[in-house]
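Thanks for coming. I will go through one chain today, starting with its overall build and ending with its charged pairs.

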Amino acid sequence: QVQLVESGGGLVQPGGSLKLSCAASGVGFNTYRYDMGWYRQPPGKQRELVAAITPGGYTNMADSLKGRFAIGRDNAKNTVYLQMDGLKPEDTAVYYCHAKATVWPRTEYWGQGTQVTVSS
């Protein structure tokens with residue numbers, strides 16, 4: 001079983017920055033066997049992909065967030081990050097860490113979520 005623990009959420013003013021972290025752990029967890037990423041769920045809306053990153057560092061970012069958000073990972077620390085700059089009120093959401101095995105059966109895991117609120 002894999003556990004994902006997010007941190008770094010909170011209240012920030014428009015234009016501000018936050019950095020989310022997600023630490024992965026579990027018996028036998030091998031970070032090199034998981035794509036990692038972030039999803040978010042705004043109030044009253046469906047969960048959506050923010051960004052993902054492969055063990056080798058290839059990234060996929062939602063087009064609407066390019067230029068403001070960046071994803072990174074530290075494989076030695078089993079940790080994935082989401083740097084968010086130029087935050088807008090519409091970025092308000094619960095942000096979830098996600099891990100997906102790179103091989104069949106592509107098992108997925110989710111963190112418990114961390115609230116990000118952008119408001120003045």
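Contact here means heavy atoms within 4.5 Å. With that in hand, among contacts in the chain between residues at least 6 apart in sequence, 54% join residues at least 24 apart. Please keep in mind that this is a predicted model.

First, the overall build. There are zero helices and eleven strands in the chain, so the pattern along the sequence is simply β-β-β-β-β-β-β-β-β-β-β. The radius of gyration is 14 Å, close to the 14 Å from the globule rule for 120 residues, so the chain is as compact as a globular protein of that length. The C-alpha trace spans about 45 × 25 × 25 Å along the principal axes. Of the 120 residues, 42% are buried.

Next, the sheet. In what order do the strands of the open four-stranded sheet come? The order is 1-3-8-7, and the pairing is antiparallel. Strand 1, residues 3-7, and strand 7 are the edges; each has a single partner strand, so one side of each has no neighbour in the sheet. On average, neighbouring strands in this sheet are turned by 15° against each other, with direction ignored.

Strand 8, residues 79-84, takes part in two of the pairings I want to show. On one side, strand 3, residues 18-25, is joined to strand 8 by six bridges, and the two run antiparallel. A23 is bridged there to T79 of strand 8. With strand 7, residues 69-74, strand 8 again pairs in the antiparallel sense, over six bridges. One bridge to look at is that of G72 with Y81 in strand 8. Strands 7 and 8 also form a hairpin, with four residues between them. In that turn, N78 has a positive phi of about 55°. As general background, strands of a sheet pair through backbone hydrogen bonds, either parallel or antiparallel.

Now the interior. The largest nonpolar core has 31 residues, and those touching the most other members are L4, M36, W38, F69, L82, M84 and Y95. Which elements give two or more residues to this core? They are strand 3, strand 4, strand 5 (48-53), strand 7, strand 8, strand 9 and strand 11 (114-118). Strand 9 gives the most, with five residues.

F69 is worth a closer look. Leaving out residues up to four places away in sequence, F69 touches R40, V50, M61, L82, Q83, M84, D85, L87, D91 and Y95. That list includes L82, M84 and Y95, which are also among the core residues that touch the most other members. It also includes R40 and D91, and those two bring me to the charged pairs.

The structure holds five salt bridges. In general terms, side chains of opposite charge can pair when their charged atoms come close. Let me take R40 as the centre of this part. Is R40 buried or exposed? R40 is buried, because its relative accessible area is 7% and the cut-off for buried is under 20%.

One partner of R40 is D91, with the closest N and O atoms 2.9 Å apart. This pair links distant parts of the chain: D91 lies in the loop between strand 8 and strand 9 (93-101), R40 lies in strand 4 (residues 34-41), and they are 51 residues apart. D91 is buried as well, at a relative accessible area of 1%.

R40 also meets E48 in a salt bridge, at 2.7 Å from N to O. E48 counts as partly exposed, with 32% relative accessibility.

For another setting, take the salt bridge between the side chains of K66 and D63, at 3.0 Å from N to O. K66 is exposed, with a relative accessible area of 52%. D63 is exposed too, at 62% relative accessibility. As for how the bridges connect, those that share partners join R40, E48, R68 and D91 into one network.

To close, the two places I would have you look at again are strand 8, which pairs with strand 3 and with strand 7, and R40, which is buried and forms salt bridges with E48 and D91. That is what I had; questions are welcome.

Note on methods
Residues are numbered from 1 along each chain as its sequence is written. This is a predicted model: local features need pLDDT of at least 70, side-chain atom pairs count only at pLDDT 80 or more; totals for chains, interfaces and linings use all residues. Side-chain values use heavy atoms; hydrogens and water are left out. Two strands pair if DSSP finds at least two bridges between them. Axes are lines fitted to C-alpha atoms, for helices over the stretch in contact, and angles run from 0 to 180 degrees between N-to-C directions. A salt bridge is a side-chain nitrogen of Lys or Arg within 4 Å of a carboxyl oxygen of Asp or Glu. Buried means under 20% relative accessible area, exposed over 50%, partly exposed in between (1.4 Å probe, protein chains only). A nonpolar core is a set of buried Ala, Val, Leu, Ile, Met, Phe, Trp, Tyr and Cys residues joined through side-chain atoms within 4.5 Å. The radius of gyration is taken over C-alpha atoms; the globule rule is 2.2 Å times the number of residues to the power 0.38.
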